[in-house]
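Q: I have a new model open and would like to learn how to read its features. Could you take me through them one by one?

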Amino acid sequence: MVEFGRELAEKRGLAVEFIQADATATGLPDRSFDLVHARTLLLNVQNPQQIVAEMVRIAKPGGVVAVQEPDAAAWSCDPPHPGFDILREAIVSGYRRTGKDFNIGRRIARLLRDAGLHDVRVRATARVTRSGEYYQTFLLAIAGLVREVIVEAGDLTADEFDSYAAALRAHLEAPHTITCQPIMWQAWGRARGSTVTA
Ligand SMILES: C[S@@+](CC[C@H](N)C(=O)[O-])C[C@H]1O[C@@H](n2cnc3c(N)ncnc32)[C@H](O)[C@@H]1O
């Protein structure tokens, strides 16, 4: 991910400094950034509050902390397909089983408020896709990442998983199948304190 970022920055001629660190303890100085942002990070950790606290710590007084996270509530396809619903529920349960929350998007505004930010705002959008678009088969990509957790927990056997996934792939590749992707929630707020000095 860092290497990808470096290549992109170079290609676009951007002067960006990259560091690699645990987001709960970045080692960056207190109150030092105008904007602190994380995207699709909090759903993948068991301690989102600690990461938000770290983001608030490094934001300047009056600086913005912004996060963007998903919520499976709208994740669907039309025409409907049983494999879509079964794999979506297996993903959400698989995340829950490992102490993570795929639906964390709906509570990010609260996480920011509880971390002491003020003027917290929120919005939510969902993308619609059709065959040939990258996100059309996104559910299959995520299901593949948690396949072992799903099978080990006994939600589906390996054969059931694979046969739902194969049937669903064919359905998603059909010309008239559309999907609604997970809702992406965005929330942002300001760190307390003033940048104005007397
Ligand atoms: C779904 S990816 C999102 C990447 C990128 N933010 C984006 O939106 O494309 C989640 C990333 O979070 C990273 N990650 C997970 N836990 C982390 C932690 N405690 N500290 C720093 N990074 C972490 C993973 O290595 C992975 O690169």
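A: Happy to, and keep in mind that this is a predicted model. Let's pick one residue and ask for its partners far along the sequence. Leaving out residues up to four places away in sequence, Ala187 touches Val67, Ile108, Ala109, Leu112, Val120, Arg121 and Val122.

Q: Which core does Ala187 sit in, and which residues have the most contacts inside that core?
A: Ala187 belongs to the largest nonpolar core, a set of 19 residues. The ones with the most contacts inside this core are Val52, Met55, Val65, Ile108, Leu112 and Ala187. Two or more residues each come from α2 (48-58), β2 (59-71), α4 (108-114) and β7 (183-190). The biggest giver is α4, with four residues. Apart from this core lies another one, of 18 residues, including Trp75, Phe84, Leu139 and Ile142.

Q: How do I read the strand pairing around β7?
A: Start from the general idea: side chains in a regular strand alternate between the two faces of the sheet. Then look at which strands β7 pairs with. β2 and β7 run antiparallel and are joined by eight bridges, and in that pairing Val64 stands opposite Arg190 of β7. β4 also pairs with β7 in the antiparallel sense, over six bridges. There, Val122 stands opposite Ala187 of β7, and Val122 is also among the residues that Ala187 touches.

Q: Now a helix. Which residues of α5 are buried, and why do they line one face?
A: The way to read this is to look down the helix axis and see where the buried residues point. In α5 (residues 138-145) the buried ones are Leu139, Ile142 and Ala143. Viewed down the axis of α5, they fall within an arc of 100°, so they line one face of the helix. The face turned away from that buried side carries the exposed residues Ala141 and Leu145. As for what covers the buried residues of α5, this includes α3 (82-97), α6 (147-153) and α7 (158-173). Two of the buried residues, Leu139 and Ile142, are among the members of the 18-residue core.

Q: What about odd backbone angles? Where should I look?
A: Look for positive phi in residues other than glycine, then check the setting of each. Arg31 is one of them, with a positive phi of about 45° although it is not a glycine. Arg31 lies in the loop between α1 (2-12) and β1 (33-39). Arg31 has 15 other C-beta atoms within 10 Å, so it counts as partly exposed. Asp119 is another, with phi near 55°, but its place is in strand β4 (residues 118-125). Asp119 has 12 other C-beta atoms within 10 Å and is therefore exposed.

Q: Which peptide bond is cis, with omega near 0°?
A: That is the bond from Asp78 to Pro79. Pro79 is found in the loop between β3 (76-78) and α3.

Q: What is in contact with Thr177, and is that residue buried or exposed?
A: Start with its place: Thr177 is in the loop between α7 and β6 (178-180). Thr177 counts as buried because it has 20 C-beta neighbours inside 10 Å. Setting aside neighbours within four places in sequence, its contacts are Cys77, Pro79, Ser131, His171 and Leu172. So that cis-bonded Pro79 turns up again, as a contact of Thr177. For a sense of distance, the C-alpha atoms of Thr177 and Asp119 are separated by 40 Å, with their positions 58 residues apart along the chain.

Q: Which residues surround the ligand?
A: List the shell, then sort it by chemistry. The shell holds Met1, Asp22, Ala23, Thr24, Arg39, Thr40, Leu41, Asn44 and Val45. Sorted, these are four nonpolar, three polar and two charged residues.

Q: And the whole chain, zoomed out?
A: Count the elements, then follow their order. The protein chain has seven helices and seven strands, in the pattern α-β-α-β-β-α-α-β-β-α-α-α-β-β along the sequence. Its C-alpha atoms fill a box of roughly 65 × 35 × 30 Å along the principal axes. Of the 198 residues, 27% are buried. Finally, of the contacts between residues at least 6 apart in sequence, 81% join residues at least 24 apart.

Definitions and conventions:
Residues are numbered from 1 along each chain as its sequence is written. This is a predicted model: local features need pLDDT of at least 70, side-chain atom pairs count only at pLDDT 80 or more; totals for chains, interfaces and linings use all residues. The arc is that of the directions from the helix axis to the C-beta atoms. Two residues are in contact if their C-beta atoms, placed from the backbone, lie within 7 Å. A residue is near a molecule or strand if its C-beta atom, placed from the backbone, lies within 6 Å of it. Ala, Val, Leu, Ile, Met, Phe, Trp, Tyr, Cys and Pro count as nonpolar, Asp, Glu, Lys and Arg as charged, and the others, Gly among them, as polar. A nonpolar core is a set of buried Ala, Val, Leu, Ile, Met, Phe, Trp, Tyr and Cys residues joined through C-beta atoms within 7 Å. Two strands pair if DSSP finds at least two bridges between them.
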